[in-house]
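Welcome! Here is a short tour of the aromatic rings and the nonpolar interior of this protein, written for someone meeting the structure for the first time.

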Amino acid sequence: MPELHQSIAQHYHERTKYDPETLAAKSQRLDWSKQPVPFKEYKIGSSIDLKPYIVEQSTAFGDDPDALWWQRLARLLFRSYGLTARIPSMGSAVYLRAAPSAGGLYPAEIYLVSRGTPLLPPGLYNYQCRTNSLMHFWESDVWSNLQTACFWHQSLENTQLAIIITAVFYRSAWRYEDRAYRRIFLDTGHLLGNIELAAAVNDYRPHLIGGFVDETVNDLLYIDPRQEGAIAVLPLADLLDVNQNLPIGRTALPSATETNYPRIPDGELLTYFHRHTQIQSGTTGKLNLPEIKQEKSLEDKYNFPFCLKISTATTPIYWGKNLSALENTMHKRRSTRAYSGDDLTFEELKALLDFTYQPQNYLEQSLDIAPDYFDLNLIETFIAVCGVKGLEAGCYYYAPKAQELRQIRFKNFRQELHFLCLGQDLGRDASAVLFNTADLKAAIAQYGDRVYRYLHMDAGHLGQRLNLAAIYMNLGVSGIGGFFDDQVNEVLGIPTDEAVLYMTTLGRPR
(Lines give C-alpha, C1' and ligand atoms only; values in the text may rest on other atoms or scores of the structure.)
Protein backbone atom coordinates (compact mmCIF):
# COMPACT_ATOMS: atom_id res chain seq x y z
CA MET A 1 0.00 0.00 0.00
CA PRO A 2 1.18 3.58 -0.63
CA GLU A 3 2.69 5.49 2.25
CA LEU A 4 -0.08 7.44 3.96
CA HIS A 5 2.07 10.51 4.46
CA GLN A 6 2.49 10.89 0.71
CA SER A 7 -0.13 12.81 -1.20
CA ILE A 8 -1.12 11.58 -4.66
CA ALA A 9 1.15 14.25 -6.22
CA GLN A 10 4.15 13.02 -4.21
CA HIS A 11 3.24 9.41 -4.99
CA TYR A 12 2.97 10.19 -8.71
CA HIS A 13 6.33 11.97 -8.70
CA GLU A 14 8.06 9.07 -6.96
CA ARG A 15 6.38 6.44 -9.15
CA THR A 16 7.42 8.16 -12.38
CA LYS A 17 11.06 8.76 -11.56
CA TYR A 18 13.62 7.27 -13.91
CA ASP A 19 16.16 5.04 -12.20
CA PRO A 20 19.24 3.59 -13.93
CA GLU A 21 18.57 0.14 -12.46
CA THR A 22 14.97 -0.14 -13.64
CA LEU A 23 14.71 2.04 -16.75
CA ALA A 24 15.91 -0.63 -19.16
CA ALA A 25 13.37 -3.12 -17.84
CA LYS A 26 10.55 -0.61 -18.23
CA SER A 27 11.45 0.44 -21.75
CA GLN A 28 9.45 -1.09 -24.53
CA ARG A 29 9.25 -0.68 -28.25
CA LEU A 30 6.64 1.70 -29.54
CA ASP A 31 3.61 0.25 -31.28
CA TRP A 32 3.64 2.37 -34.41
CA SER A 33 0.26 1.02 -35.44
CA LYS A 34 -1.20 2.91 -32.48
CA GLN A 35 0.67 6.16 -33.05
CA PRO A 36 -1.69 9.04 -32.18
CA VAL A 37 -2.69 11.70 -34.69
CA PRO A 38 -1.57 15.09 -33.32
CA PHE A 39 -4.51 16.98 -34.82
CA LYS A 40 -8.16 17.24 -33.93
CA GLU A 41 -10.76 16.96 -36.67
CA TYR A 42 -14.39 18.06 -36.71
CA LYS A 43 -16.97 16.60 -39.09
CA ILE A 44 -19.46 19.37 -38.41
CA GLY A 45 -18.80 23.11 -38.24
CA SER A 46 -17.84 26.10 -40.33
CA SER A 47 -14.23 27.02 -41.05
CA ILE A 48 -12.68 30.49 -40.99
CA ASP A 49 -9.48 30.68 -43.02
CA LEU A 50 -6.75 32.66 -41.25
CA LYS A 51 -4.02 32.21 -43.87
CA PRO A 52 -4.71 35.49 -45.72
CA TYR A 53 -3.92 37.39 -42.53
CA ILE A 54 -0.53 35.78 -41.87
CA VAL A 55 1.61 38.31 -43.66
CA GLU A 56 4.89 39.90 -42.71
CA GLN A 57 4.07 43.40 -43.88
CA SER A 58 2.31 45.28 -41.08
CA THR A 59 0.87 47.70 -43.65
CA ALA A 60 -0.57 45.05 -45.99
CA PHE A 61 -4.16 45.88 -45.02
CA GLY A 62 -3.76 49.64 -44.95
CA ASP A 63 -6.38 51.22 -42.72
CA ASP A 64 -8.96 48.43 -42.99
CA PRO A 65 -9.90 47.94 -39.30
CA ASP A 66 -11.62 44.60 -39.87
CA ALA A 67 -8.63 43.09 -41.67
CA LEU A 68 -6.24 44.47 -39.07
CA TRP A 69 -8.32 42.89 -36.28
CA TRP A 70 -8.18 39.53 -38.02
CA GLN A 71 -4.46 39.93 -38.64
CA ARG A 72 -3.73 40.44 -34.95
CA LEU A 73 -5.75 37.39 -33.90
CA ALA A 74 -4.40 35.19 -36.70
CA ARG A 75 -0.79 36.07 -35.95
CA LEU A 76 -1.28 35.50 -32.24
CA LEU A 77 -2.50 31.95 -32.89
CA PHE A 78 0.03 31.23 -35.62
CA ARG A 79 3.05 32.44 -33.63
CA SER A 80 1.86 30.53 -30.59
CA TYR A 81 1.11 27.11 -32.08
CA GLY A 82 1.10 27.27 -35.85
CA LEU A 83 2.93 24.86 -38.14
CA THR A 84 6.47 25.93 -38.93
CA ALA A 85 7.78 22.95 -40.94
CA ARG A 86 6.77 19.66 -42.55
CA ILE A 87 9.35 16.86 -42.45
CA PRO A 88 8.84 13.59 -44.37
CA SER A 89 9.01 10.56 -42.06
CA MET A 90 8.36 6.86 -42.63
CA GLY A 91 6.03 7.41 -45.56
CA SER A 92 4.07 10.18 -43.86
CA ALA A 93 5.11 13.53 -42.38
CA VAL A 94 6.03 15.12 -39.09
CA TYR A 95 4.63 18.59 -38.58
CA LEU A 96 6.62 20.96 -36.38
CA ARG A 97 4.93 23.77 -34.51
CA ALA A 98 5.97 27.08 -33.01
CA ALA A 99 5.99 25.62 -29.48
CA PRO A 100 8.31 22.69 -28.72
CA SER A 101 6.86 19.37 -27.60
CA ALA A 102 8.51 16.26 -26.18
CA GLY A 103 8.89 13.69 -28.95
CA GLY A 104 7.02 15.97 -31.38
CA LEU A 105 3.72 14.62 -29.99
CA TYR A 106 1.93 17.96 -29.34
CA PRO A 107 -0.69 16.96 -26.76
CA ALA A 108 -2.11 20.48 -26.43
CA GLU A 109 -5.21 21.75 -28.22
CA ILE A 110 -6.16 25.43 -28.46
CA TYR A 111 -9.80 26.49 -28.27
CA LEU A 112 -11.05 30.04 -28.69
CA VAL A 113 -14.19 31.19 -26.87
CA SER A 114 -15.90 34.28 -28.26
CA ARG A 115 -18.33 36.32 -26.22
CA GLY A 116 -19.52 37.77 -29.50
CA THR A 117 -17.66 40.47 -31.41
CA PRO A 118 -18.63 42.27 -34.63
CA LEU A 119 -16.31 39.91 -36.52
CA LEU A 120 -16.42 36.69 -34.49
CA PRO A 121 -19.88 35.38 -33.52
CA PRO A 122 -20.34 33.95 -30.03
CA GLY A 123 -19.47 30.31 -29.50
CA LEU A 124 -16.61 27.84 -29.51
CA TYR A 125 -13.77 27.57 -31.99
CA ASN A 126 -10.90 25.12 -32.34
CA TYR A 127 -7.60 26.35 -33.78
CA GLN A 128 -6.78 24.01 -36.67
CA CYS A 129 -3.04 24.53 -36.95
CA ARG A 130 -2.65 22.18 -39.94
CA THR A 131 -4.83 24.43 -42.10
CA ASN A 132 -4.32 27.61 -40.07
CA SER A 133 -8.02 28.12 -39.60
CA LEU A 134 -10.68 28.38 -36.91
CA MET A 135 -13.35 25.69 -36.76
CA HIS A 136 -16.59 27.16 -35.39
CA PHE A 137 -18.17 24.04 -33.89
CA TRP A 138 -20.63 25.55 -31.40
CA GLU A 139 -22.61 28.70 -32.10
CA SER A 140 -24.35 29.49 -28.80
CA ASP A 141 -23.15 31.94 -26.17
CA VAL A 142 -21.18 30.05 -23.49
CA TRP A 143 -19.38 32.98 -21.85
CA SER A 144 -21.46 32.94 -18.66
CA ASN A 145 -20.71 29.22 -18.30
CA LEU A 146 -17.01 30.00 -18.58
CA GLN A 147 -17.33 32.72 -15.95
CA THR A 148 -19.09 30.31 -13.60
CA ALA A 149 -16.41 27.67 -14.13
CA CYS A 150 -13.69 30.23 -13.33
CA PHE A 151 -15.46 31.52 -10.19
CA TRP A 152 -16.29 34.81 -11.95
CA HIS A 153 -12.67 35.76 -12.37
CA GLN A 154 -12.36 39.51 -12.87
CA SER A 155 -10.45 39.16 -16.15
CA LEU A 156 -13.56 37.62 -17.76
CA GLU A 157 -15.77 40.61 -16.94
CA ASN A 158 -14.92 42.90 -19.86
CA THR A 159 -12.92 40.72 -22.24
CA GLN A 160 -14.49 39.33 -25.41
CA LEU A 161 -12.18 36.42 -26.22
CA ALA A 162 -10.57 33.64 -24.22
CA ILE A 163 -8.18 30.82 -25.07
CA ILE A 164 -8.66 27.45 -23.42
CA ILE A 165 -5.77 24.98 -23.58
CA THR A 166 -6.53 21.29 -23.22
CA ALA A 167 -4.38 18.17 -23.33
CA VAL A 168 -5.12 14.99 -25.28
CA PHE A 169 -3.46 12.58 -22.87
CA TYR A 170 -2.80 9.63 -25.16
CA ARG A 171 -0.72 11.70 -27.59
CA SER A 172 2.05 11.81 -24.99
CA ALA A 173 1.21 8.66 -23.03
CA TRP A 174 1.67 6.54 -26.19
CA ARG A 175 5.40 7.11 -25.87
CA TYR A 176 6.06 8.24 -22.31
CA GLU A 177 3.42 6.21 -20.45
CA ASP A 178 2.57 7.52 -16.97
CA ARG A 179 5.49 9.97 -16.93
CA ALA A 180 3.78 11.72 -19.85
CA TYR A 181 1.82 13.87 -17.38
CA ARG A 182 5.00 15.76 -16.57
CA ARG A 183 5.74 16.35 -20.24
CA ILE A 184 2.18 17.41 -21.02
CA PHE A 185 2.44 20.29 -18.57
CA LEU A 186 5.96 21.24 -19.60
CA ASP A 187 4.70 21.37 -23.20
CA THR A 188 1.74 23.48 -22.09
CA GLY A 189 4.18 25.81 -20.36
CA HIS A 190 6.09 26.21 -23.64
CA LEU A 191 2.81 27.16 -25.28
CA LEU A 192 1.98 29.64 -22.49
CA GLY A 193 5.35 31.29 -23.07
CA ASN A 194 4.59 31.66 -26.76
CA ILE A 195 1.10 33.01 -26.10
CA GLU A 196 2.48 35.58 -23.66
CA LEU A 197 5.01 36.93 -26.16
CA ALA A 198 2.89 36.61 -29.31
CA ALA A 199 0.10 38.44 -27.50
CA ALA A 200 2.40 41.34 -26.62
CA VAL A 201 3.50 41.65 -30.25
CA ASN A 202 -0.15 41.79 -31.36
CA ASP A 203 -1.53 44.11 -28.66
CA TYR A 204 -3.22 41.53 -26.45
CA ARG A 205 -2.66 40.72 -22.80
CA PRO A 206 -3.45 37.13 -21.72
CA HIS A 207 -4.65 36.69 -18.14
CA LEU A 208 -3.76 33.21 -16.92
CA ILE A 209 -6.35 31.22 -14.95
CA GLY A 210 -5.41 27.83 -13.54
CA GLY A 211 -8.16 27.60 -10.91
CA PHE A 212 -11.43 26.49 -12.48
CA VAL A 213 -14.00 23.72 -12.16
CA ASP A 214 -12.52 21.15 -14.52
CA GLU A 215 -15.75 19.29 -15.22
CA THR A 216 -17.59 22.47 -16.19
CA VAL A 217 -14.88 23.57 -18.65
CA ASN A 218 -14.66 20.07 -20.14
CA ASP A 219 -18.45 19.99 -20.59
CA LEU A 220 -18.38 23.46 -22.11
CA LEU A 221 -15.94 22.24 -24.80
CA TYR A 222 -17.81 18.95 -25.38
CA ILE A 223 -14.70 16.88 -24.77
CA ASP A 224 -14.45 13.39 -23.33
CA PRO A 225 -12.66 13.83 -19.97
CA ARG A 226 -11.27 10.30 -20.20
CA GLN A 227 -9.31 11.34 -23.29
CA GLU A 228 -8.82 15.09 -22.99
CA GLY A 229 -8.83 17.63 -20.19
CA ALA A 230 -8.81 21.40 -19.74
CA ILE A 231 -5.43 22.69 -18.55
CA ALA A 232 -5.54 26.49 -18.57
CA VAL A 233 -7.89 29.37 -19.39
CA LEU A 234 -6.57 32.66 -20.76
CA PRO A 235 -8.93 35.60 -21.25
CA LEU A 236 -7.43 37.89 -23.89
CA ALA A 237 -7.56 41.56 -23.01
CA ASP A 238 -7.41 43.71 -26.15
CA LEU A 239 -4.89 46.43 -25.33
CA LEU A 240 -6.36 48.67 -28.05
CA ASP A 241 -9.61 48.79 -26.04
CA VAL A 242 -9.10 50.77 -22.84
CA ASN A 243 -12.02 48.97 -21.17
CA GLN A 244 -10.19 45.66 -21.41
CA ASN A 245 -6.88 46.69 -19.84
CA LEU A 246 -7.58 44.85 -16.62
CA PRO A 247 -5.69 44.41 -13.35
CA ILE A 248 -3.91 41.12 -12.87
CA GLY A 249 -6.03 38.56 -10.99
CA ARG A 250 -5.41 35.33 -9.15
CA THR A 251 -3.86 32.73 -11.44
CA ALA A 252 -3.77 29.66 -9.20
CA LEU A 253 -6.29 28.12 -6.82
CA PRO A 254 -5.74 25.12 -4.55
CA SER A 255 -7.27 21.70 -4.90
CA ALA A 256 -7.72 19.01 -2.28
CA THR A 257 -4.75 17.01 -1.06
CA GLU A 258 -5.42 13.30 -1.31
CA THR A 259 -3.53 10.79 0.81
CA ASN A 260 -6.09 7.96 0.84
CA TYR A 261 -5.77 6.34 -2.57
CA PRO A 262 -5.71 2.71 -3.70
CA ARG A 263 -2.91 0.81 -5.36
CA ILE A 264 -2.95 2.18 -8.90
CA PRO A 265 -1.72 -0.08 -11.72
CA ASP A 266 0.90 1.13 -14.18
CA GLY A 267 -0.78 2.74 -17.16
CA GLU A 268 -3.62 4.14 -15.05
CA LEU A 269 -1.63 6.48 -12.82
CA LEU A 270 -1.72 9.44 -15.22
CA THR A 271 -5.50 9.54 -15.59
CA TYR A 272 -6.08 8.83 -11.89
CA PHE A 273 -3.76 11.66 -10.89
CA HIS A 274 -5.39 14.12 -13.26
CA ARG A 275 -8.88 13.22 -12.09
CA HIS A 276 -7.94 13.67 -8.44
CA THR A 277 -6.30 17.07 -8.88
CA GLN A 278 -9.46 18.64 -10.25
CA ILE A 279 -11.39 21.40 -8.56
CA GLN A 280 -14.89 20.07 -8.01
CA SER A 281 -18.27 21.61 -8.73
CA GLY A 282 -19.76 23.29 -5.69
CA THR A 283 -16.41 24.46 -4.37
CA THR A 284 -16.97 27.52 -2.24
CA GLY A 285 -14.09 27.68 0.19
CA LYS A 286 -10.35 28.28 -0.11
CA LEU A 287 -10.71 30.63 -3.05
CA ASN A 288 -8.46 33.06 -1.23
CA LEU A 289 -5.13 31.34 -0.88
CA PRO A 290 -3.86 30.73 2.64
CA GLU A 291 -0.95 32.82 3.72
CA ILE A 292 1.86 30.31 4.25
CA LYS A 293 5.07 31.99 5.23
CA GLN A 294 8.14 30.07 4.26
CA GLU A 295 10.85 29.88 6.87
CA LYS A 296 13.25 31.37 4.37
CA SER A 297 12.71 33.16 1.11
CA LEU A 298 14.17 31.48 -1.95
CA GLU A 299 16.33 34.57 -2.31
CA ASP A 300 18.00 33.71 0.99
CA LYS A 301 19.14 30.28 -0.14
CA TYR A 302 22.90 29.75 -0.29
CA ASN A 303 23.39 33.38 0.72
CA PHE A 304 26.42 32.66 2.88
CA PRO A 305 29.10 35.28 3.58
CA PHE A 306 31.78 32.92 2.24
CA CYS A 307 29.78 31.95 -0.87
CA LEU A 308 31.07 33.20 -4.21
CA LYS A 309 28.39 35.57 -5.59
CA ILE A 310 28.48 36.86 -9.14
CA SER A 311 26.14 39.52 -10.54
CA THR A 312 24.14 38.64 -13.66
CA ALA A 313 22.86 42.17 -14.33
CA THR A 314 23.34 43.00 -18.00
CA THR A 315 21.98 44.95 -20.96
CA PRO A 316 18.62 43.56 -22.13
CA ILE A 317 18.33 41.81 -25.47
CA TYR A 318 17.05 44.19 -28.16
CA TRP A 319 14.31 42.59 -30.26
CA GLY A 320 14.16 45.22 -32.96
CA LYS A 321 11.55 47.68 -34.11
CA ASN A 322 8.01 46.37 -33.59
CA LEU A 323 9.55 43.22 -32.06
CA SER A 324 10.02 41.82 -35.55
CA ALA A 325 13.04 39.76 -34.49
CA LEU A 326 10.99 38.11 -31.76
CA GLU A 327 8.29 37.06 -34.22
CA ASN A 328 10.88 35.70 -36.62
CA THR A 329 12.59 33.81 -33.81
CA MET A 330 9.31 32.23 -32.73
CA HIS A 331 8.83 30.99 -36.27
CA LYS A 332 12.33 29.58 -36.84
CA ARG A 333 12.87 28.10 -33.35
CA ARG A 334 14.14 24.53 -33.32
CA SER A 335 15.51 22.31 -30.57
CA THR A 336 19.26 21.77 -31.00
CA ARG A 337 20.23 18.17 -31.81
CA ALA A 338 23.98 18.37 -31.11
CA TYR A 339 26.48 20.74 -29.53
CA SER A 340 30.06 21.38 -30.61
CA GLY A 341 31.36 21.41 -27.05
CA ASP A 342 32.73 24.95 -27.46
CA ASP A 343 32.33 27.43 -24.63
CA LEU A 344 29.69 30.09 -24.22
CA THR A 345 30.67 33.48 -22.83
CA PHE A 346 29.43 34.70 -19.48
CA GLU A 347 27.87 37.70 -21.24
CA GLU A 348 25.78 35.30 -23.33
CA LEU A 349 24.63 33.39 -20.27
CA LYS A 350 23.71 36.63 -18.51
CA ALA A 351 21.64 37.74 -21.51
CA LEU A 352 19.76 34.43 -21.51
CA LEU A 353 18.98 34.68 -17.80
CA ASP A 354 17.97 38.33 -18.16
CA PHE A 355 15.31 37.69 -20.79
CA THR A 356 14.02 34.60 -19.02
CA TYR A 357 13.80 35.90 -15.47
CA GLN A 358 13.82 39.71 -15.69
CA PRO A 359 10.79 40.73 -17.80
CA GLN A 360 10.71 44.13 -16.06
CA ASN A 361 13.80 45.07 -18.07
CA TYR A 362 11.78 44.97 -21.32
CA LEU A 363 9.28 47.78 -20.71
CA GLU A 364 10.78 49.99 -23.41
CA GLN A 365 10.29 47.21 -25.97
CA SER A 366 6.54 46.95 -25.24
CA LEU A 367 6.77 43.47 -23.77
CA ASP A 368 4.75 42.50 -20.71
CA ILE A 369 6.89 43.40 -17.70
CA ALA A 370 4.86 41.21 -15.31
CA PRO A 371 3.60 38.21 -17.29
CA ASP A 372 1.34 35.76 -15.51
CA TYR A 373 2.79 32.66 -13.92
CA PHE A 374 1.12 30.42 -11.38
CA ASP A 375 3.68 31.00 -8.61
CA LEU A 376 7.32 31.59 -9.44
CA ASN A 377 8.06 31.81 -5.72
CA LEU A 378 7.96 28.00 -5.75
CA ILE A 379 10.48 27.53 -8.58
CA GLU A 380 14.21 27.32 -7.94
CA THR A 381 16.97 27.44 -10.54
CA PHE A 382 20.35 25.72 -10.48
CA ILE A 383 22.93 25.91 -13.27
CA ALA A 384 25.67 23.36 -13.89
CA VAL A 385 28.45 25.25 -15.68
CA CYS A 386 30.89 23.19 -17.75
CA GLY A 387 32.14 25.59 -20.40
CA VAL A 388 31.39 29.29 -19.87
CA LYS A 389 34.28 31.69 -20.42
CA GLY A 390 34.64 33.96 -17.41
CA LEU A 391 32.81 31.60 -15.05
CA GLU A 392 34.38 28.80 -13.04
CA ALA A 393 33.01 25.30 -13.62
CA GLY A 394 30.60 24.14 -10.94
CA CYS A 395 27.00 24.22 -9.77
CA TYR A 396 25.40 27.59 -9.08
CA TYR A 397 22.17 28.66 -7.46
CA TYR A 398 20.48 31.50 -9.35
CA ALA A 399 18.68 34.14 -7.26
CA PRO A 400 16.54 36.07 -9.78
CA LYS A 401 15.53 38.98 -7.53
CA ALA A 402 19.11 39.58 -6.47
CA GLN A 403 20.25 38.84 -10.04
CA GLU A 404 23.22 36.82 -8.93
CA LEU A 405 24.75 33.37 -9.17
CA ARG A 406 25.92 31.68 -5.95
CA GLN A 407 28.40 28.87 -6.38
CA ILE A 408 27.57 25.81 -4.29
CA ARG A 409 29.82 23.12 -5.84
CA PHE A 410 33.22 23.30 -7.53
CA LYS A 411 33.42 20.67 -10.25
CA ASN A 412 33.11 20.09 -13.98
CA PHE A 413 30.05 17.88 -14.39
CA ARG A 414 30.31 16.91 -18.07
CA GLN A 415 30.47 13.15 -17.56
CA GLU A 416 27.85 13.19 -14.84
CA LEU A 417 25.49 15.25 -17.00
CA HIS A 418 25.91 12.75 -19.81
CA PHE A 419 24.71 10.06 -17.41
CA LEU A 420 21.92 12.15 -15.87
CA CYS A 421 20.41 12.88 -19.32
CA LEU A 422 19.97 9.14 -19.95
CA GLY A 423 23.20 9.04 -21.96
CA GLN A 424 22.24 11.82 -24.36
CA ASP A 425 25.25 13.62 -25.83
CA LEU A 426 23.41 16.91 -25.33
CA GLY A 427 24.15 16.69 -21.61
CA ARG A 428 27.84 15.89 -22.15
CA ASP A 429 28.53 18.55 -24.79
CA ALA A 430 26.45 21.42 -23.36
CA SER A 431 28.27 24.46 -22.01
CA ALA A 432 25.70 24.87 -19.24
CA VAL A 433 22.62 23.00 -18.06
CA LEU A 434 19.84 24.80 -16.22
CA PHE A 435 17.65 22.89 -13.73
CA ASN A 436 14.25 24.00 -12.44
CA THR A 437 13.27 22.43 -9.14
CA ALA A 438 10.68 22.88 -6.40
CA ASP A 439 10.09 21.79 -2.83
CA LEU A 440 7.11 19.61 -3.67
CA LYS A 441 5.95 19.05 -0.10
CA ALA A 442 5.90 22.79 0.66
CA ALA A 443 4.15 23.53 -2.65
CA ILE A 444 1.44 20.97 -1.92
CA ALA A 445 0.90 22.52 1.51
CA GLN A 446 -0.05 25.76 -0.23
CA TYR A 447 -1.96 24.61 -3.32
CA GLY A 448 -2.87 20.97 -2.80
CA ASP A 449 -2.03 18.25 -5.32
CA ARG A 450 -3.05 20.49 -8.24
CA VAL A 451 0.21 22.37 -7.73
CA TYR A 452 1.97 19.67 -9.74
CA ARG A 453 0.33 21.15 -12.82
CA TYR A 454 1.32 24.68 -11.89
CA LEU A 455 4.95 23.82 -11.20
CA HIS A 456 5.53 22.11 -14.53
CA MET A 457 3.70 24.77 -16.56
CA ASP A 458 5.76 27.51 -14.90
CA ALA A 459 8.97 25.58 -15.59
CA GLY A 460 7.96 25.12 -19.24
CA HIS A 461 7.05 28.82 -19.53
CA LEU A 462 10.51 29.82 -18.28
CA GLY A 463 12.04 27.23 -20.59
CA GLN A 464 10.35 28.72 -23.63
CA ARG A 465 11.67 32.20 -22.90
CA LEU A 466 15.11 30.64 -22.57
CA ASN A 467 14.57 28.81 -25.88
CA LEU A 468 13.70 31.94 -27.79
CA ALA A 469 16.53 34.04 -26.35
CA ALA A 470 19.07 31.34 -27.21
CA ILE A 471 17.86 30.92 -30.79
CA TYR A 472 17.88 34.69 -31.34
CA MET A 473 21.49 34.79 -30.15
CA ASN A 474 22.44 31.92 -32.53
CA LEU A 475 23.07 29.60 -29.61
CA GLY A 476 21.94 26.02 -29.14
CA VAL A 477 19.20 25.06 -26.70
CA SER A 478 17.24 21.92 -25.96
CA GLY A 479 14.89 21.07 -23.10
CA ILE A 480 15.09 17.63 -21.52
CA GLY A 481 12.22 16.08 -19.59
CA GLY A 482 13.79 12.63 -19.24
CA PHE A 483 16.50 12.30 -16.59
CA PHE A 484 17.51 10.24 -13.58
CA ASP A 485 15.65 12.22 -10.95
CA ASP A 486 17.33 11.28 -7.68
CA GLN A 487 20.78 11.22 -9.22
CA VAL A 488 20.42 14.87 -10.29
CA ASN A 489 20.05 15.88 -6.64
CA GLU A 490 22.94 13.66 -5.63
CA VAL A 491 25.39 14.76 -8.30
CA LEU A 492 24.72 18.50 -8.07
CA GLY A 493 24.34 18.63 -4.29
CA ILE A 494 20.73 19.79 -4.51
CA PRO A 495 18.69 18.96 -1.36
CA THR A 496 16.71 15.73 -1.66
CA ASP A 497 13.41 17.52 -0.97
CA GLU A 498 13.80 19.45 -4.21
CA ALA A 499 11.79 17.78 -6.97
CA VAL A 500 13.55 18.18 -10.32
CA LEU A 501 11.03 19.52 -12.86
CA TYR A 502 12.97 20.33 -16.00
CA MET A 503 16.43 20.54 -17.55
CA THR A 504 17.48 22.92 -20.31
CA THR A 505 20.80 22.39 -22.05
CA LEU A 506 22.67 25.35 -23.55
CA GLY A 507 25.69 25.43 -25.84
CA ARG A 508 27.07 26.12 -29.29
CA PRO A 509 25.28 24.19 -32.00
CA ARG A 510 27.38 21.79 -34.05
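## Rings and cores

Counting rings whose centres lie within 6.5 Å of each other, this predicted model has 26 aromatic pairs. A good one to begin with is Phe273 with Tyr452: the ring centres are 5.4 Å apart and the planes meet at 70 degrees, so this pair is edge-to-face. Phe273 belongs to helix H8 (residues 269-275) and Tyr452 to helix H14 (residues 451-472), so the two rings tie together parts that are 179 residues apart in sequence. Are these two residues buried or exposed? Phe273 is buried, at 0% relative accessibility, and Tyr452 is buried as well, with a relative accessible area of 1%.

Next, have a look at Phe374 and Tyr454, an aromatic pair that is stacked, with 4.7 Å from centre to centre and 15 degrees between the planes. Phe374 sits in the loop between helix H10 (346-357) and strand E12 (380-385), while Tyr454 is in helix H14, so this pair ties together parts that are 80 residues apart in sequence. Phe374 has a relative accessible area of 5% and is buried; Tyr454, at 3% relative accessibility, is buried too.

The two pairs can be set side by side:

| Pair | Centre to centre | Angle between planes | Arrangement |
|---|---|---|---|
| Phe273 and Tyr452 | 5.4 Å | 70 degrees | edge-to-face |
| Phe374 and Tyr454 | 4.7 Å | 15 degrees | stacked |

Which residues do ring pairs link into a cluster together with Phe273 and Tyr452? They are Tyr12, Tyr181 and Phe185.

Some rings also have a charged partner. Arg97 lies over the face of Tyr81, at 4.6 Å from the ring centre. In another case, Arg465 has its charged end over the ring of Phe355, 4.2 Å from the centre of that ring.

Now for the nonpolar interior. The largest nonpolar core holds 116 residues, and among these Leu73 and Leu134 touch the most other members. Helix H6 (residues 180-201) gives the most to this core, contributing 13 residues. What does Leu73 contact, once its neighbours within four places in sequence are left aside? Its partners are Leu112, Leu120, Leu134, Leu161 and Tyr204. There is also a second, separate core, made of 25 residues, including Ala384, Tyr397, Phe483 and Val500.

Conventions
Residues are numbered from 1 along each chain as its sequence is written. This is a predicted model: local features need pLDDT of at least 70, side-chain atom pairs count only at pLDDT 80 or more; totals for chains, interfaces and linings use all residues. Side-chain values use heavy atoms; hydrogens and water are left out. Rings of Phe, Tyr and Trp (its six-membered ring) pair if their centres lie within 6.5 Å; planes under 30 degrees apart count as stacked, over 60 as edge-to-face and the rest as tilted. Helices (H or I, at least four residues) and strands (E, at least two) are DSSP runs, numbered from the N terminus. Buried means under 20% relative accessible area, exposed over 50%, partly exposed in between (1.4 Å probe, protein chains only). A charge sits over a ring if NZ of Lys or CZ of Arg is within 6 Å of the ring centre and within 35 degrees of the ring normal. A nonpolar core is a set of buried Ala, Val, Leu, Ile, Met, Phe, Trp, Tyr and Cys residues joined through side-chain atoms within 4.5 Å. Contact means heavy atoms within 4.5 Å.
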